[in-house]
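Open the model in your viewer and keep the selection tool at hand. This tour goes from the whole chain down to single residues.

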Amino acid sequence: MSAESQTFTERYDLLGCIQCGRCTGGCPVTVRANLNVRRFVNDAYYEEKLDELARQAEIWDCTACHTCAVRCPKGLKPLEVLLGLRAMIIESGKVEPTVRDALQSVLLEGNPWEKSRAARSDWMEGLDVKIAEPGVPVENLFFVCCTIAYDPRVQAIAKNIVRLLNKTGVDYAFLDDSETCCGSEVYTLGEEGLFEMLVEDNTEYFNEYSAKRIVTLSPHCFTTYNVHYPDLNKPVIHYTQLLDELLKEGKLVWKGDLPKKIVFHDPCYLGKQGGVYDEPRDLLKSIPGAELLEFERCRERSLCCEGGGGKMWVESESKKERLAETRIKDAKALGADIVAVACPFCVLTLEDAMKGLGYEEEMRVAEIMELLGEFIEA
Ligand code: SF4
Ligand code: SF4
């Protein structure tokens, strides 16, 4: 049965819900917004209520963190109901200009940041980067991500990994300007037609490359490819998994030390959605002198930074404390010098919160690859 011909109840298995409320009980945004996902799962059963539900502003507060899906005892994905309601709004054309422009940019330029497709690999300038060619065998085919490719704040993730790969002799190649958005945010913003097109085009594109596996730099691309691209002919891993392999093979050697307390913030798309918890921690522990701390809310209980679910393009109406601010305050209370993350969105949201709180002098937010880059032997 096609998705279009299914009712909401069939598509999201709403009859499976026992209204236990564990989804809402675990939803992190309930402390700052009125979102009650259990109620949406309940009310979406009534077809006649769908238009009214889709008009409720709370559907845009969901960050797609997946806590509700992790907690649901019936294996449902409550957030998907909210995304289905977003899709109705997108279909009606009544969307925020920021959302409209981001989606238009993906369609025309292959990225949501309104940047030129031709500039996608400008970050490579001055670096010795191996570029993939269709049909030429390579072990690790890297996918950079739109945010890392264009945002100067997080380009160091890509630059440092190239420096590290060249040092270790790993067989790798990056894609050129033809790399296109994975559609993670397109999916969560509810643009189903555009997302289907991306899945089709990207699958065909990737399947032409003779690679052992695809390695993503962002957890959003990692989870999107693994969950929503059933016809990819190669596995997809996150770069922390590759580096952890190299670490265990004794191929990563760091120069210098970092006598600092580091706390790792689990990105929702890497941890809760991808099940990758240990590899980032092992990498941080490998830095000489570093002490790894843990948040009380860590791993599958980790707090969301509110960067996912299309929230980079949808302003929250709530003026209550942002979750990123809560996270930074928690890190300060722990005595952390560095909040380490493994996701470009987490860098942007947490760093913004840290600056807003005025902690810049005493604390730093850094992506793991940013930190490791400082310890690569010249
Ligand atoms: S956790 Fe699952 S079963 Fe319980 S109310 Fe939420 S959707 Fe329904
Ligand atoms: S995905 Fe996260 S923010 Fe969205 S409803 Fe579920 S728990 Fe709440």
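The stops below run from the overall fold to two sheets, a loop residue and a helix.

**Stop 1: the whole chain**

Start with everything shown. This is a predicted model. Colour by secondary structure: the chain has 17 helices and eight strands. Now look at the overall extent. Along the principal axes, the C-alpha atoms fill a box of roughly 65 × 50 × 35 Å. How does the radius of gyration compare with that of a compact globule? A compact globule of 378 residues would have a value near 21 Å, and the chain has 21 Å, so the two agree. Of the 378 residues, 45% count as buried. Contacts reach far along the sequence, too. Among those with a separation of 6 or more, 77% join residues 24 or more positions apart.

**Stop 2: the sheet with strand 1**

Select strands 1 to 4. They form an open sheet in the order 2-1-3-4, with parallel pairing. Which strands stand at the edges? They are strand 2 (172-174) and strand 4 (236-238). Each has a single partner strand, so one side of each is left without a neighbour in the sheet. Turn the view to see the twist: neighbouring strands are turned by 35° against each other on average, direction ignored.

Zoom in on strand 1 (residues 138-143) and strand 3 (residues 211-216). Five bridges pair them in the parallel sense. Pick L141 and look across: I214 in strand 3 stands opposite. Next, add helix 12 (residues 219-228), which packs on this sheet. Helix 12 touches strand 1, strand 3 and strand 4, and its direction makes about 155° with that of strand 4.

**Stop 3: V144**

Stay in this region and select V144. The residue sits in the loop between strand 1 and helix 8 (146-150). Is V144 buried or exposed? V144 has 23 C-beta neighbours inside 10 Å, so it counts as buried. Show its contacts next. Leaving out residues up to four places away in sequence, V144 touches A149, A158, F174, E179 and L217. Then draw a distance to S218. That residue is 74 residues away along the chain, yet the two C-alpha atoms are separated by 7.3 Å.

**Stop 4: the sheet with strand 5**

Hide that part and select strands 5 to 8. Here is an open sheet of four strands, ordered 6-5-7-8 and paired in parallel. Strand 6 (291-293) and strand 8 (364-367) are at the edges; each has a single partner strand, so one side of each lacks a neighbour in the sheet. From one strand to the next, the twist averages 35°.

Focus on strand 5 and strand 7, which pair in the parallel sense over three bridges. Click F264 to find one of them: its bridge partner is A340 in strand 7. Now bring in helix 14 (residues 278-285). Helix 14 packs on the sheet and touches strand 5, strand 6 and strand 7. Its direction makes about 170° with that of strand 5.

**Stop 5: helix 15**

Last, select helix 15 (residues 323-334). At 1.5 Å a residue, its 12 residues should span 16 Å; the end C-alpha atoms are 17 Å apart, which agrees. Colour the buried residues: L323, A324, R327, I328 and A331. They cover an arc of only 140° around the axis, which puts them on the same side of helix 15. An α-helix has 3.6 residues a turn, so residues three or four places apart point the same way. What do the buried residues of helix 15 pack against? Show strand 5 (261-264), strand 7 (338-341) and helix 16 (344-356) to see their partners. Finish at G335, just after helix 15, where phi is positive at about 85°.

Key
Residues are numbered from 1 along each chain as its sequence is written. Chains are lettered from A and ligands numbered from 1 in the order in which they are written. This is a predicted model: local features need pLDDT of at least 70, side-chain atom pairs count only at pLDDT 80 or more; totals for chains, interfaces and linings use all residues. Helices (H or I, at least four residues) and strands (E, at least two) are DSSP runs, numbered from the N terminus. The expected span of a helix is 1.5 Å times one less than its number of residues. A residue is buried if 20 or more other C-beta atoms lie within 10 Å of its own, exposed if 12 or fewer, and partly exposed in between; C-beta atoms are placed from the backbone. The arc is that of the directions from the helix axis to the C-beta atoms. Two residues are in contact if their C-beta atoms, placed from the backbone, lie within 7 Å. The radius of gyration is taken over C-alpha atoms; the globule rule is 2.2 Å times the number of residues to the power 0.38. Two strands pair if DSSP finds at least two bridges between them. Axes are lines fitted to C-alpha atoms, for helices over the stretch in contact, and angles run from 0 to 180 degrees between N-to-C directions.
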